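Trainee: I'd like a close look at one part of this model rather than a quick tour. Could you pick out a single element and walk me through it, with enough of the whole chain to place it?

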Amino acid sequence: MWFLRAKRWAQNPPSWGRVKLVAAIIVICLLLYAYERVFGWPDWLTLERARAPNRVVR
């Protein structure tokens, strides 16, 4: 199945703009990952754990 997809992609390659778009998205993701690894995750982006409501057992 992958060979058929590769064959179609080789016969009709994506446009240069699409290649640049995908490369830019990958670079942005890698930069965000590197920033998080170097400086850590900011506290203001961390969600507080919500407590489950107390159930009354009768």
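Mentor: Sure. The protein chain has two helices and zero strands, and since you want one part, let's take helix 2. Keep in mind that this is a predicted model.

Some context on the whole chain before we zoom in. The radius of gyration of the protein chain is 23 Å, whereas a compact globule of 58 residues would come out near 10 Å. The C-alpha trace fits that picture, spanning about 70 × 35 × 15 Å along its principal axes. Burial tells its own story: 0% of the 58 residues count as buried. The chain exposes about 6,800 Å², and carbon and sulfur atoms supply 65% of that area.

Now the helix itself. Helix 2 runs over residues 16-39, which makes 24 residues. From its first C-alpha to its last it reaches 34 Å, close to the 34 Å expected at 1.5 Å a residue. Right after the helix comes G40, with a positive phi near 85 degrees.

Let's go along the helix and look at some side chains. A23 is found in helix 2. It is called partly exposed because its relative accessible area is 39%, and the cut-offs put that class between 20% and 50%. For a sense of distance, take R5, which is 18 residues from A23 along the chain: the C-alpha atoms of the two are separated by 20 Å.

Next is I26, which also lies in helix 2. With 46% relative accessibility, I26 falls in the partly exposed class too. I26 has company on the surface: together with V22 and L30, it forms a nonpolar patch. The accessible area of those three residues together is about 270 Å².

Finally, have a look at the aromatics. Searching the whole structure turns up one aromatic pair. The partners are Y35 and F39, with 4.8 Å from centre to centre and 45 degrees between the planes, so the pair counts as tilted. Both residues sit in helix 2, four residues apart, or about one turn of the helix. What about the accessibility of F39? At 61% relative accessibility, F39 counts as exposed, since the cut-off for that class is over 50%.

So, to pull helix 2 together: you have a nonpolar surface patch made of V22, I26 and L30, a tilted aromatic pair made of Y35 and F39, and G40 with its positive phi following the helix.

Methods:
Residues are numbered from 1 along each chain as its sequence is written. This is a predicted model: local features need pLDDT of at least 70, side-chain atom pairs count only at pLDDT 80 or more; totals for chains, interfaces and linings use all residues. Side-chain values use heavy atoms; hydrogens and water are left out. The expected span of a helix is 1.5 Å times one less than its number of residues. Patches are made of residues with over 30% relative accessible area and no salt bridge: like charges are joined within 9 Å, nonpolar side chains (Val, Leu, Ile, Met, Phe, Trp, Tyr) within 5 Å. Accessible areas come from the Shrake-Rupley method with a 1.4 Å probe; for residues, only the protein chains shown count as cover. A salt bridge is a side-chain nitrogen of Lys or Arg within 4 Å of a carboxyl oxygen of Asp or Glu. Buried means under 20% relative accessible area, exposed over 50%, partly exposed in between (1.4 Å probe, protein chains only). The radius of gyration is taken over C-alpha atoms; the globule rule is 2.2 Å times the number of residues to the power 0.38. Rings of Phe, Tyr and Trp (its six-membered ring) pair if their centres lie within 6.5 Å; planes under 30 degrees apart count as stacked, over 60 as edge-to-face and the rest as tilted.
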